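Colleague: Please take me closely through the space inside this model, open and enclosed. After that, carry on to the parts of the chain that you think deserve a residue-by-residue look.

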Amino acid sequence: MKKCLLAIAIVFTAIPVAAQQICPVIPLPVKAGKARGSFDISAQSTISWEDTSMVPLATWLQQELLRRYHINVPLQRKSGSTVILLEKKSATNIDAYTLIMNKQTATISGGAREGVFNGIISLLQLAAVAPVSGKALQVPCWNITDAPLYAWRGVMLDESRYFFGKEKVKSVLDWMAFYKLNRFHWHLTDMPGWRLEIKKYPLLTTVGGIGNISDPKAPAAYYTQNDIREIVAYAKARCIDIIPEIDMPGHAGAANRAYPAFDGGGTAKYPQFTFNPGREGTYAYLADILTETAQLFPAQLIHLGGDEVTFGNAGWDQDTGIIRLKEAHGLKDRKQVEDYFIQRMADTVLKLHNKVMAWDEIATASLPADSTIVCWWRHEKPENLAMAFQKGYSVVLCPRLPFYFDFVQDSSHKIGRRWKDGEFNPLQSVYDFSAAAVPATRGHESLILGVQACLWSETIHSNNRLDFLLFPRIAALAETAWTQSPAKDFNGFKTRLKAQLPLYAKEHLYYFDIFQPAKHQESGKAAAGYID
């Protein structure tokens, strides 16, 4: 985990202390100084570069300026009235960047495309709150030196329970990019529906794709492999890696409806809940699925789920195949069977030259430390986080409190989750989170990759509901993932956030307005069969 900040000295234009302003960028940069004047962006401007590797980023910036402001800025080496210059310079942190502005030039520098992209985003955020004069954007000049606290700045979206479709996913990716979030964890398989086309097993989608959390007979909805390639490319252009989740050995109901031969049983409440670890064919079947998955997602990381297996594994005690497996390998109980299963499937992932990711239940398994990432989600079980650290596993922090965005965010809200004593996840709790406040992290800071919000869709039945749960908490998440705790200030954040709300409105997002809570009414409904 690289947590170092870019050490480049920048001489800022001197301005009186009284005239200093708070940089409107979210997440708040490490160092930002207001310079004199403004930088005009118009059709007479140019986007230029010194290294041809910057051309794709220059093209993306051109497209964004056209989409957002209807300004067509040419790509060319020669100077225009004003120049946006993209530079590649050495840096130890790939996400680090500098943005230096004056009336003639906005120079964005970084050691890698990720850093330059982050600098572009800061320029676009400054432009988003800039006044328009004629056909030009008058962007206030700022000089910024910046780098993130964490390399992993993530959002997880559950599409098994509710299928949003390509355009909404692209919108989420756009907003992730706008806030410099860079990991999209895509929960594509679970009990209600299987959403990923697997060529070798077509029934996974045509049968397993039927239904959602509120309507078990809803027509099959899923992503074709061409859809996946399109979305992966879309994310890559925005410097976002997509991590697919193929949930196992629990949460397997949709797959088992399609191919019951690999069903390991369940309960009356959660039928067909598990894959069967006692059938050798199960491992070959899942290996085929993971092989096709790895070919579609170039991030070289696959999430195997591994959570809540106890909800439906009681039948393992009577299954003859699993009984033989336990005898053959000296496995004492269902948990050891679960760990055996995860270890075998992890071996498959590793052979595909991918790393393994899973929920914190896998901390008990024996996996290669340098190829395993644990998502710590059970905030009430710090012992699993401690175990993950003790085994040398890298960790992404996504505790239910405060990072489960299906939890309500205001005391007046009735739909969605609360914790045991009524706790919920307001904007400030997302913003105020600090890994240092979790005792188990002490001494293991180097193993923390970053933080992630998880948006489960049990209470979602529309795009509006997704917006309501995600915005504006996504902005608070971004600052928590990027900005060092001593620099964070919730009141200052709220001031900067207020300027973001018109952007949400412009994009027709059904966001929760913390300044006018009644502006958008809470919508959604609790679904039957809700799993904590």
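Modeller: I will start with the pocket and a cavity, then move along the chain to some buried residues and two helices.

This is a predicted model, in which local features need pLDDT of at least 70 and side-chain atom pairs count only at pLDDT 80 or more, while totals for chains, interfaces and linings use all residues. Residues are numbered from 1 along each chain as its sequence is written, and side-chain values use heavy atoms, with hydrogens and water left out.

The largest pocket holds about 620 Å³ of space. The search runs on a 1 Å grid over the protein atoms alone: a pocket is an open set of points with protein on both sides within 12 Å along at least five of seven lines, a cavity is a set of points where a 1.4 Å probe fits but cannot get out, and lining residues have an atom within 4 Å of a point. Grid points are joined across faces, edges and corners, and a volume is the space filled by probe spheres set on the points.

The lining of the largest pocket has 28 residues, and those nearest its centre are Ile94, Ala151, Trp152, Arg183 and Asp241. Helix H2 (113-128), strand S10 (241-248) and strand S15 (372-376) each give at least two residues to this lining. Helices (H or I, at least four residues) and strands (E, at least two) are DSSP runs, numbered from the N terminus. Sorted by class, the pocket lining has 13 nonpolar, six polar and nine charged residues. Here Ala, Val, Leu, Ile, Met, Phe, Trp, Tyr, Cys and Pro count as nonpolar, Asp, Glu, Lys and Arg as charged, and the others, Gly among them, as polar.

As for enclosed space, there are three cavities of 30 Å³ or more. The second largest cavity has about 70 Å³. Among its lining residues are Asp95, Glu114, Phe117, Asn118, Arg153 and Cys239. H2 gives the most to this lining, with three residues. The classes here are four nonpolar, two polar and five charged residues.

Cys239 deserves a second look. Its phi is positive, about 60°, although it is not a glycine. Cys239 sits in the loop between helix H5 (225-237) and S10. With a relative accessible area of 14%, Cys239 is buried (buried means under 20%, exposed over 50%, partly exposed in between, with a 1.4 Å probe and protein chains only).

Further along the chain, Trp456 lies in the loop between strand S17 (448-455) and helix H13 (463-470). Trp456 counts as buried because its relative accessibility is 8%. Not counting residues up to four places away in sequence, Trp456 touches Met156, Asp158, Arg161, His187, Trp359, Tyr404 and Asp406; contact means heavy atoms within 4.5 Å. Met156 is 300 residues away along the chain, yet its C-alpha atom is 8.0 Å from that of Trp456.

H13 itself contains Asp467, which is buried at 2% relative accessibility. A polar atom of the Asp467 side chain lies 3.2 Å from the backbone nitrogen of Tyr510. A polar contact is a pair of N or O atoms within 3.5 Å; within protein, one must be able to donate a hydrogen and the other to accept it, and residues adjacent in sequence count only if both atoms are side-chain atoms. Leaving aside neighbours within four places in sequence, Asp467 is in contact with Lys168, His508, Leu509, Tyr510 and Tyr511.

After H13, Phe471 and Pro472 are joined by a cis peptide bond, with omega about 10°. Pro472 lies in the loop between H13 and H14.

Helix H15 (490-498) buries Phe490, Gly492, Phe493, Arg496 and Leu497. These residues cover an arc of only 155° around the axis, so they are on the same side of H15; the arc is that of the directions from the helix axis to the C-beta atoms. Asn491 and Thr495 are exposed on the face turned away from the buried side of H15. The cover over the buried residues of H15 includes helix H12 (427-432), helix H14 (473-482) and helix H16 (501-506).

Helix H8 (320-329) can be read in the same manner. Its buried residues are Gly321, Ile322, Leu325 and Lys326. Their arc is only 140° around the axis, which puts them on the same side of H8. Thr320, Arg324, Glu327 and Ala328 are exposed on the face turned away from that side. Helix H7 (280-296) and helix H9 (334-351) are included in what covers the buried residues of H8. At the start of H8, a side-chain oxygen of Asp319 comes to within 3.0 Å of the backbone nitrogen of Gly321. Gly330, with a positive phi near 65°, follows H8.
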